[in-house]
Amino acid sequence: MAILKFSASAVAAQIAHARACKTFLPNWNGPVDRPALILIVGNGVHLRSNGIDGTTTRILTTEQADPSFAFADGMNPFRDTDWMAQRRMAFRDLTGQFYTDILDDVQVLIDRGRGAIRLATDGHSIRVFVRRASDYLIGGTYEVPSGLGGTFRVILKDACDTFAIVQNCGNCEDFDVMQPYRVPLDALMELDDRRVA
């Protein structure tokens, strides 16, 4: 899982563009009849309008991207020298376009005055992520996906708006002696949160 952070004003411009258009880029299932945001993973990582207004008729993923698109922090090829490494950390070798259903949720956050929009993605699903590091209790106990199909119980050591540093605690001895490690912030689950890991 990765958390992507975007400028709310740049995303708002893409939403306004989508809403101003009458025709839209098709998705994998065929024609689309309403505004949406598309996440592009290719030459950087960015959100763009699905609207067609005569200036473009296709999506650019591996060719030159448009600097007016809403680029994820750290993944802008016009500004970030290590954008490719950041993209690879978030998506491995996955590239392409992902139609999303987040436009209305993102608009609510923009209307509430949020300066940044954060999306959580596991490479296949994309959702708006509204929690912040300050929402979590340092020293609190959480669960995180183990990568083995289950979860580890962990103590939160530190957190920023994208990642948390955790230490295994309350599992078997072999796992509990592991050094603290980093997980995406949205991987932290309250102990009574029964999301599928």
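This passage describes two helices, a pocket, a cavity, the cysteines and several loop residues of a predicted model.

Helix α1 covers residues 8-20. The helix has 13 residues, which at 1.5 Å a residue should span 18 Å, and its end C-alpha atoms are 18 Å apart, so the expected and computed spans agree. The buried residues in α1 are A8, V11, Q14, I15 and A18. Seen down the axis of α1, these buried residues fall within an arc of 120°, and they therefore line one face of the helix. The spacing of such residues follows from helix geometry: an α-helix has 3.6 residues a turn, so residues three or four places apart point the same way. On the face of α1 turned away from the buried side lie the exposed residues S9 and A20.

Helix α3 runs over residues 103-111. Buried in this helix are L103, V106, Q107, L109 and I110. Their directions, seen down the axis of α3, fall within an arc of 160°, so the buried residues of α3 line one face of the helix. The face of α3 turned away from its buried side carries D104 and D111, both exposed.

The second largest pocket has a volume of about 250 Å³. Its lining consists of R19, N27, V32, R34, P35, A36, Y99, T100, D101, I102, L103 and D104. By class, the lining residues of this pocket divide into 6 nonpolar, 2 polar and 4 charged. Two residues of α3 appear in this lining, L103 and D104. Of these, L103 is among the buried residues of α3, whereas D104 is exposed on the face turned away from the buried side.

The structure also holds 1 cavity of 30 Å³ or more. About 40 Å³ of space lies in the largest cavity. The residues that line this cavity are L109, R114, A116, I117, R118, F129, V130 and R132. Strand β8, which comprises residues 116-121, supplies the largest share of the lining, 3 residues. The lining of the largest cavity divides into 5 nonpolar residues, no polar residues and 3 charged residues. One of the lining residues, L109, is also one of the buried residues of α3.

The structure holds 0 disulfides. C21 has a relative accessible area of 8% and is therefore buried. C169 is partly exposed, with a relative accessible area of 35%.

Several loop residues were also examined. R92 is placed in the loop between α2 (83-91) and β7 (96-99). Most residues other than glycine have a negative phi, and most peptide bonds are trans. R92 is not a glycine, yet its phi is positive, at about 55°. With a relative accessible area of 68%, which is over 50%, R92 counts as exposed.

The loop between β9 (126-128) and β10 (141-145) contains G140, and A133 lies in this loop as well. G140 has a relative accessible area of 9% and A133 one of 14%; both values are under 20%, so both residues are buried. The C-alpha atoms of G140 and K157 are separated by 8.4 Å, and the two residues are 17 residues apart along the chain. For A133, the C-alpha atom is separated by 7.4 Å from that of L185, a residue 52 residues apart along the chain.

P26 is found in the loop between β2 (23-24) and β3 (37-42). Its relative accessibility is 46%, and P26 therefore counts as partly exposed. The C-alpha atoms of P26 and G51 are separated by 9.7 Å, with the two residues 25 residues apart along the chain.

Technical notes: Residues numbered from 1 in each chain as written. Predicted model: local features only at pLDDT ≥ 70, side-chain atom pairs only at ≥ 80, totals over all residues. Heavy atoms only, no water. 1 Å grid on protein atoms, 1.4 Å probe; cavity = no way out; pocket = protein on both sides within 12 Å on 5 of 7 lines; lining within 4 Å. Points joined across faces, edges and corners; volume = space filled by probe spheres on them. Nonpolar A, V, L, I, M, F, W, Y, C, P; charged D, E, K, R; others polar. Helix = DSSP H or I, 4+ residues; strand = E, 2+ residues; numbered from the N terminus. Expected span 1.5 Å × (residues − 1). Buried < 20%, exposed > 50% of the residue type's maximum accessible area, 1.4 Å probe, protein only. Arc of directions from axis to C-beta. Disulfide = S-S within 2.5 Å.
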